[in-house]
Amino acid sequence: MPELPEVETVRRGLEARLPGRRIVAVDQRRPDLRIAFPPDFAGRLADRRIEQLDRRAKYLLIRLDGGLVWIVHLGMSGRLGFVEPADAADPCADPHAHVVVTFDGGLRLVYRDARRFGLMTLAVEEELAAHPLLGHLGLEPLDPQFDGAALAGVLAGRQTALKAALLDQRLIAGIGNIYACEAMFRAGLSPQRPAGGLTRREAGRLAKAIRAVLTEAIAAGGSSLRDYVHADGGLGYFQHRFAVYDREGSVCPKPGCRGTVGRLVQSNRSTFFCATCQH
């Protein structure tokens, strides 16, 4: 599933081309994805103008004129990609192209999703903060306010394993399996530690590592492992910089450490870490 860096990369790709464009037509080719499309989805989008592209956790928030917000989640295999006006190819020939949005000037935005675990819905700006998809989400790890104190605050008293806490979207929004593993490695913290047992210094170290990993991943265009691509069809390349994720059996890359990268299963997810230098 795309994590925060991948969704942010897609957002930036859309932001480079969509603000100010008017939606001419929406071809909705099925009644649902992971959830049903809202009533008159295509009709409510038609003739709206794109004002702003935002992100909350792993959700894209496409703000339109009149206070309407188009919410998109890519799920496991969802892709948003442009089709240029001069391109004669018909995106609707692709059986996995479920939504095709045409803008003024002929530019098209196509949503493809082989597994249909993504979603699209609509909301009004005034209700967005309490929306069922968004209202429960926790701290944004790239917000300026996210630091060791903020992280320690949401982890306080929690006996669950640190890895599980980092994946809990109610605590910290947008972090997934890849970047949780990479951040804990950088911070030198075991994924099996009780989340509420971090010292103030350890929480500060972890918050700094989370921000650094996410920022570097965004700069690299995210990680392309299976289905993820940019809006222009390009691939991310942060996967070439993984220190521990999917590196089981490799020599620990931390200078001076003689350990190897191990793997354990936590909540049905693989965790990669070095037991020698992560405590």
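Colleague: How far from the backbone nitrogen of tyrosine 179 does the side chain of glutamate 3 reach?

Modeller: This is a predicted model: local features need pLDDT of at least 70, side-chain atom pairs count only at pLDDT 80 or more, and totals for chains, interfaces and linings use all residues. Residues are numbered from 1 along each chain as its sequence is written, and side-chain values use heavy atoms, leaving out hydrogens and water. A polar contact is a pair of N or O atoms within 3.5 Å; within protein, one must be able to donate a hydrogen and the other to accept it, and residues adjacent in sequence count only if both atoms are side-chain atoms. Glutamate 3 reaches that nitrogen of tyrosine 179 at 3.4 Å.

Colleague: Which side chain of opposite charge is nearest to glutamate 3?

Modeller: Glutamate 3 is buried (buried is under 20% relative accessible area, exposed over 50%, partly exposed in between, with a 1.4 Å probe and protein chains only). Yet glutamate 3 has no salt bridge, meaning no side-chain nitrogen of Lys or Arg within 4 Å of a carboxyl oxygen of Asp or Glu. Lys and Arg count as positive, Asp and Glu as negative; His and the chain ends are not counted. At 5.6 Å, the nearest opposite charge is arginine 269.

Colleague: Which glycine has its backbone nitrogen 2.9 Å from a polar side-chain atom of glutamate 3?

Modeller: Glutamate 3 sits in the segment before α1 (4–15); helices (H or I, at least four residues) and strands (E, at least two) are DSSP runs, numbered from the N terminus. Beyond four places in sequence, glutamate 3 touches residues including Lys58, Gly174 and Asn177, where contact means heavy atoms within 4.5 Å. The backbone nitrogen at 2.9 Å belongs to glycine 176.

Colleague: Which residue of β10 is the bridge partner of glycine 262?

Modeller: Strands β9 (261–266) and β10 pair in the antiparallel sense over six bridges; pairing needs at least two DSSP bridges between the strands. Five of the six residues of β10 (269–274) are buried, so this strand is largely enclosed by the rest of the structure. Two residues separate the strands of this hairpin, and serine 267 in the turn has a positive phi of about 50°. The partner of glycine 262 is phenylalanine 273.

Colleague: Which residue stands opposite arginine 55 in β3?

Modeller: Strands β2 (50–56) and β3 (59–64) also pair in the antiparallel sense, over six bridges. Their hairpin has two residues between the strands, and alanine 57 takes a positive phi near 55°. Opposite arginine 55 stands leucine 60.

Colleague: How wide is the arc that puts the buried residues of α3 on the same side?

Modeller: Helix α3 (148–155) has Gly148, Leu151 and Leu155 buried. These residues share a side of α3 because their arc around the axis is only 65°; the arc is that of the directions from the helix axis to the C-beta atoms. On the other side, Ala149 and Gly153 are exposed. The arc of the buried residues is only 65°.

Colleague: Which residue caps the N-terminal end of α3?

Modeller: The cap places a side-chain oxygen 3.2 Å from the backbone nitrogen of alanine 149. Just after α3, glycine 157 takes a positive phi of about 80°. The capping residue is aspartate 147.

Colleague: How far apart in sequence are the parts tied together by arginine 17 and glutamate 84?

Modeller: Arginine 17 and glutamate 84 form a salt bridge, with closest N and O atoms 2.7 Å apart. Arginine 17 lies in the loop between α1 and β1, and glutamate 84 in the loop between β5 (78–83) and β6 (97–103), so the parts they tie together are apart in sequence by 67 residues.

Colleague: Which residue forms a salt bridge with arginine 11?

Modeller: Arginine 11 is buried at 12% relative accessibility. Its partner is four residues away in helix α1, about one helical turn. The closest N and O atoms are 3.1 Å apart, and the partner is glutamate 15.

Colleague: Is aspartate 40 buried or exposed?

Modeller: Aspartate 40 lies in the loop between β1 and α2 (41–45). Its phi is positive, about 55°, although it is not a glycine. At 54% relative accessibility, aspartate 40 counts as exposed.
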